[in-house]
Amino acid sequence: MFPKNTWYVACTPDEIADQPLGRKVCNESIVFYRPTPDSVAALEDFCPHRGAPLSLGKVCEGKLVCGYHGLEMGCDGKTVAMPGQRVRGFPAIRSFPVVERYGFIWVWPGDAALADPATIHHLHWHGNPEWAYGGGLFHIACDYRLMVDNLMDLTHETYVHSSSIGQKEIDEVPCKTTVDGDHVVTSRFMENIMAPPFWQMALRGNGLADDVPVDRWQICHFTPPSHVLIEVGVAHAGKGGYDAAPEHKANSIVVDFITPETETSIHYFWGMARQFKPDDQALTDSIRVGQGKIFSEDLEMLEKQQRNLLKYPDRKLLMLNIDAGGVQSRRVIDRLLAAEQSAATA
Amino acid sequence: MFPKNTWYVACTPDEIADQPLGRKVCNESIVFYRPTPDSVAALEDFCPHRGAPLSLGKVCEGKLVCGYHGLEMGCDGKTVAMPGQRVRGFPAIRSFPVVERYGFIWVWPGDAALADPATIHHLHWHGNPEWAYGGGLFHIACDYRLMVDNLMDLTHETYVHSSSIGQKEIDEVPCKTTVDGDHVVTSRFMENIMAPPFWQMALRGNGLADDVPVDRWQICHFTPPSHVLIEVGVAHAGKGGYDAAPEHKANSIVVDFITPETETSIHYFWGMARQFKPDDQALTDSIRVGQGKIFSEDLEMLEKQQRNLLKYPDRKLLMLNIDAGGVQSRRVIDRLLAAEQSAATA
Amino acid sequence: MFPKNTWYVACTPDEIADQPLGRKVCNESIVFYRPTPDSVAALEDFCPHRGAPLSLGKVCEGKLVCGYHGLEMGCDGKTVAMPGQRVRGFPAIRSFPVVERYGFIWVWPGDAALADPATIHHLHWHGNPEWAYGGGLFHIACDYRLMVDNLMDLTHETYVHSSSIGQKEIDEVPCKTTVDGDHVVTSRFMENIMAPPFWQMALRGNGLADDVPVDRWQICHFTPPSHVLIEVGVAHAGKGGYDAAPEHKANSIVVDFITPETETSIHYFWGMARQFKPDDQALTDSIRVGQGKIFSEDLEMLEKQQRNLLKYPDRKLLMLNIDAGGVQSRRVIDRLLAAEQSAATA
């Protein structure tokens with residue numbers, strides 16, 4: 001169960017730069033492509049002629065040409081032409097609302113009539129020269145909500161990521177969860193601690209000493225359908241923590257867009273937007289490599305957790321205070337699902 | 001659904017040269033082997049002793065000796081002997097009519113009483129010194145009829161095989177389909193065009209200029225159960241086309257024997273029989289390599305098409321005039337299936 | 001169907017030396033670990049917090065610490081602690097009786113109240129300086145009873161292992177099966193034959209001539225639930241055979257512990273305990289390598305046999321006199337299953 005009347009990240013621009021991309025989103029097999037260099041389209045990945053996947057085709061003069069027999073498909077799902085054929089009676093295929101924005105391609109897998117690009121989550125750092133961004137994509141065989149849980153409770157860093165961003169103090173400092181409408185926030189502030197290896201690297205990257213006490217923060221923001229943006233950072237202790245001046249801290253936003261592929265698998269777009277040394281491409285690369293390595297540590301855990309839950313569907317899991325972020329996020333999701341369902345019934 | 005009272009290509013002689021071969025044909029698990037150097041046998045791949053696969057055994061003095069406990073099986077499916085055992089009461093296993101002919105091993109997976117080797121499709125080039133043959137085998141996860149469709153509509157060459165045998169003119173020249181009993185023919189004649197790369201190679205192979213206009217033809221012959229033989233060739237333009245004298249053309253027969261493994265997978269025996277430079281083994285090899293590379297381009301398309309069709313079993317596909325060859329071939333198949341079914345009921 | 005109120009080999013000590021081990025036994029997902037260097041514990045591999053696999057955790061001060069959020073689990077399945085949480089109300093997970101003995105870790109997957117370590121099969125060679133042991137582990141996709149059949153009928157050596165331990169005389173000499181309660185014995189004695197390659201190697205390993213006639217024996221002992229221990233050996237002919245003095249023979253015990261993973265897969269612990277040159281580690285190694293190679297020859301046969309039997313569930317297999325060992329062993333198993341079932345009903 002996933003909300004469908006909402007915007008999900010479908011792919012990144014580089015994935016459709018040279019050829020169409022076939023990707024399943026919320027159980028819909030979709031082909032993403034660029035009719036023109038500046039536009040993007042999303043259609044059912046199913047040629048009305050013989051069911052071939054259109055994603056094996058090519059774009060030619062704005063049309064997606066089926067790679068099997070040359071049917072020329074328009075962005076609206078209507079066949080434009082086919083060699084030697086009249087195509088007026090051809091059945092249309094479904095087209096999906098799709099928008100390129102903030103460095104991602106966003107798709108709306110539900111009712112197209114409801115799609116409003118204004119509701120796409122605003123990524124304020126995009127296009128801002130004071131910020132830099134780097135990220136990647138993982139495919140993980142788990143329910144998208146297990147990943148939301150994971151990200152809305154960062155105590156797992158102590159255990160899963162013990163050699164990079166984990167540290168005992170995360171466990172020792174309670175987190176606090178608040179809910180404001182569909183916005184869930186779980187935050188934790190740790191004072192006067194030593195930075196773990198990843199943050200030592202970031203401090204050095206920003207030209208700061210890495211061997212002095214710091215204040216560290218984690219502020220996880222869940223917003224529908226399954227976005228988790230996490231403000232993270234460290235500041236030299238006593239300089240104001242989260243509010244310290246830029247020259248005393250290294251901070252960034254962990255970006256997590258979780259796109260359901262099926263009920264038990266996701267496309268996980270992860271990344272980091274940072275506000276220091278934005279022009280240092282080598283730093284961007286080393287952060288991306290480091291983050292990718294850290295985030296890959298979650299995969300086995302999530303996939304085996306999923307298998308355990310499938311084996312025992314009736315077991316009720318605990319909901320502790322550290323789980324409050326995930327629990328509240330799931331309530332938001334449940335509300336959206338119920339709304340979609342009642343709208344569908346009405 | 002596939003006709004079972006018919007001859008399918010099961011394997012090539014080299015596949016059973018040194019040891020038995022286990023292969024599934026029309027959902028029957030069969031072991032093929034040579035009781036003697038000049039004969040071939042086909043049995044259920046199931047030892048009556050404990051169910052071991054006989055295909056892991058060895059041939060010894062005409063018997064197929066089970067590789068597990070040494071049961072000695074005769075070509076008729078009756079156990080001949082077993083160390084230390086009386087075998088008279090052993091249940092027989094099924095034997096299948098099997099014939100070696102025209103360079104292939106043919107099997108009849110249906111009612112043995114109806115099997116008549118005279119009905120095996122005659123391959124006139126076999127054993128004829130004016131012809132040469134080379135080919136290969138692919139395993140593809142698709143319904144055998146999708147491959148029949150593929151081969152009875154060569155407009156796909158323009159798209160799937162654009163760098164080798166495809167060319168725009170295939171699309172531009174209409175094809176014509178005729179039916180004569182169980183024989184379906186789809187033909188296309190293109191005049192005064194430039195040869196695509198594969199045919200340029202063939203022209204050179206036959207000592208002909210490759211940079212002058214040619215007439216090109218494709219005549220696809222479907223015959224039951226799922227054989228598609230395609231007369232293809234090019235002749236220097238104005239020399240008579242299909243009927244040109246041998247010194248003006250390069251022509252051959254594309255050979256396609258499609259053997260269902262299961263409802264959604266096939267053993268695809270492909271090859272080319274040519275009537276020029278038959279003694280040039282290097283040419284045979286280079287054609288085989290080229291054809292294998294070209295034909296492998298269909299695999300991803302067919303397997304993804306199959307998955308699309310399984311996902312939407314209720315969608316009716318279009319049947320355009322380019323599809324007439326496949327449509328008519330399926331009608332022949334449907335007739336055979338209905339006949340088998342009514343015979344089984346009676 | 002497998003007996004659950006019984007001891008199975010779960011793993012070897014080296015598998016839990018450095019970290020917990022997740023392994024499925026009789027369909028139960030279990031984590032095995034050492035709370036202390038000298039003890040072993042077995043729990044459901046399911047963290048009561050969020051269903052994470054505990055086998056991805058670490059042992060810390062006797063507790064198994066979940067690798068996701070740090071829940072600390074005790075050997076009894078009760079949560080001991082969790083950072084920042086009161087754990088008294090946490091649901092317990094199942095713990096399994098587990099014992100380290102004779103060089104193996106044994107688990108009781110059924111009713112813990114019935115588990116008596118005294119019923120663990122006694123391995124008399126363990127800890128005896130006159131004996132040496134080496135072995136390994138295979139995962140095989142077959143019903144555990146197919147492996148029991150395999151080992152209780154060694155005529156298959158002639159066919160499956162023809163180049164190592166097989167020889168024609170195995171087939172020619174009848175075996176004899178006796179049953180004593182739950183103990184099934186199938187034995188075969190071959191006199192005045194030449195030793196096959198594996199036994200020639202063993203004779204040389206024991207400083208004996210390998211090119212003279214020998215007496216050879218195989219005495220297969222089945223005991224519940226699925227242990228097969230086989231006394232095997234060769235003695236120079238005329239020296240007393242099985243009863244020959246140590247200086248005239250090379251003999252050992254083939255060890256086979258077959259642990260069901262699921263209905264159609266097993267963990268197969270194989271090895272060899274020998275009573276000659278026990279201190280020769282190089283010999284132990286070369287025997288283990290040789291045995292591993294030989295035993296791997298059974299895998300394809302067993303897995304394909306399993307697939308054949310699944311395809312034809314209604315076919316009754318033959319039960320010849322060579323199969324008597326397997327047939328009688330299955331009767332013992334059936335008796336245990338019936339007893340468990342009637343106890344469960346009562």
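The legends below describe close-up views of a predicted model.

**View 1. Relation of chains B and C to chain A.** Laying chain C on chain A takes a turn of 120° and a shift of 0.0 Å along the axis, and the superposition has an RMSD of 0.0 Å. These two copies are therefore related as by a three-fold rotation axis. Within chain C, A141(C) has the C-alpha nearest the axis, 14 Å from it. Chain B can likewise be laid on chain A with an RMSD of 0.0 Å, by a turn of 120° and a shift of 0.1 Å along the axis. In chain B, the C-alpha nearest the axis belongs to A141(B), which is 14 Å from it.

**View 2. The contact between chain B and chain A.** On the chain B side 21 residues take part, and they are in contact with 16 residues of chain A. The elements of chain B that each supply at least two residues of the side touching chain A include α2 (156-160), α3 (168-172) and α5 (281-311). The most is given by α5(B), with six residues. By residue class, the side of chain B that touches chain A divides into ten nonpolar, five polar and six charged residues.

**View 3. The contact between chain C and chain A.** Here chain C contributes 16 residues and chain A contributes 21 residues. The side of chain C that touches chain A is made up of eight nonpolar residues, seven polar residues and one charged residue.

**View 4. The three-stranded sheet of chain C.** Strands β2, β3 and β4 of chain C form an open sheet in the order β2-β3-β4, with antiparallel pairing. The edge strands are β2 (21-25) and β4 (41-44) of chain C, each of which pairs on one side only. Neighbouring strands of this sheet are turned on average by 35° against each other, with direction ignored. Strand β3 (residues 28-33) of chain C is joined to β4(C) by four bridges, and the two run antiparallel. Within this pairing, A42(C) in β4(C) is the bridge partner of F32(C).

**View 5. The four-stranded sheet of chain C.** This open sheet has the strand order β5-β6-β7-β8 (chain C), and the pairing is antiparallel. At its edges stand β5 (58-60) and β8 of chain C, each with a single partner strand, so one side of each is left without a neighbour in the sheet. Strand β6 (residues 63-65) and strand β7 (residues 72-73) of chain C run antiparallel and are joined by two bridges. The bridge partner of L64(C) in β7(C) is M73(C).

**View 6. The surroundings of A81(C).** A81(C) lies in strand β8 (residues 79-81) of chain C. A81(C) counts as partly exposed because 15 C-beta neighbours are found inside 10 Å, whereas 20 or more would be needed for a residue to be buried. When residues up to four places away in sequence are not counted, A81(C) touches E72(C) and V87(C). The C-alpha atoms of A81(C) and L71(C) are separated by 6.2 Å, although the two residues are ten residues apart along the chain.

**View 7. The hairpin of β12(C) and β13(C).** Strand β12 (residues 176-180) of chain C is joined by five bridges to strand β13 (residues 183-193) of chain C, and these strands run antiparallel. One of the residues in β12(C) and β13(C) to be located in this view is V179(C), whose bridge partner in β13(C) is V184(C). The hairpin has two residues between the strands, and G181(C) takes a positive phi near 65° in this hairpin.

**View 8. The buried side of helix α4(C).** In helix α4 (residues 197-205) of chain C, the buried residues are F198(C), W199(C), A202(C), L203(C) and G205(C). These residues cover an arc of only 160° around the axis, which means that they are on the same side of α4(C). Among the elements that cover the buried residues of α4(C) are β15 (227-236), β16 (249-262) and α5 (281-311) of chain C. After α4(C) comes G207(C), which has a positive phi near 75°.

Note on methods
Residues are numbered from 1 along each chain as its sequence is written. Chains are lettered from A and ligands numbered from 1 in the order in which they are written. This is a predicted model: local features need pLDDT of at least 70, side-chain atom pairs count only at pLDDT 80 or more; totals for chains, interfaces and linings use all residues. Two residues are in contact if their C-beta atoms, placed from the backbone, lie within 7 Å. Ala, Val, Leu, Ile, Met, Phe, Trp, Tyr, Cys and Pro count as nonpolar, Asp, Glu, Lys and Arg as charged, and the others, Gly among them, as polar. Copies are superposed by least squares on the C-alpha atoms of residues with pLDDT of at least 70 in both. A residue is buried if 20 or more other C-beta atoms lie within 10 Å of its own, exposed if 12 or fewer, and partly exposed in between; C-beta atoms are placed from the backbone. Two strands pair if DSSP finds at least two bridges between them. Axes are lines fitted to C-alpha atoms, for helices over the stretch in contact, and angles run from 0 to 180 degrees between N-to-C directions. The arc is that of the directions from the helix axis to the C-beta atoms.
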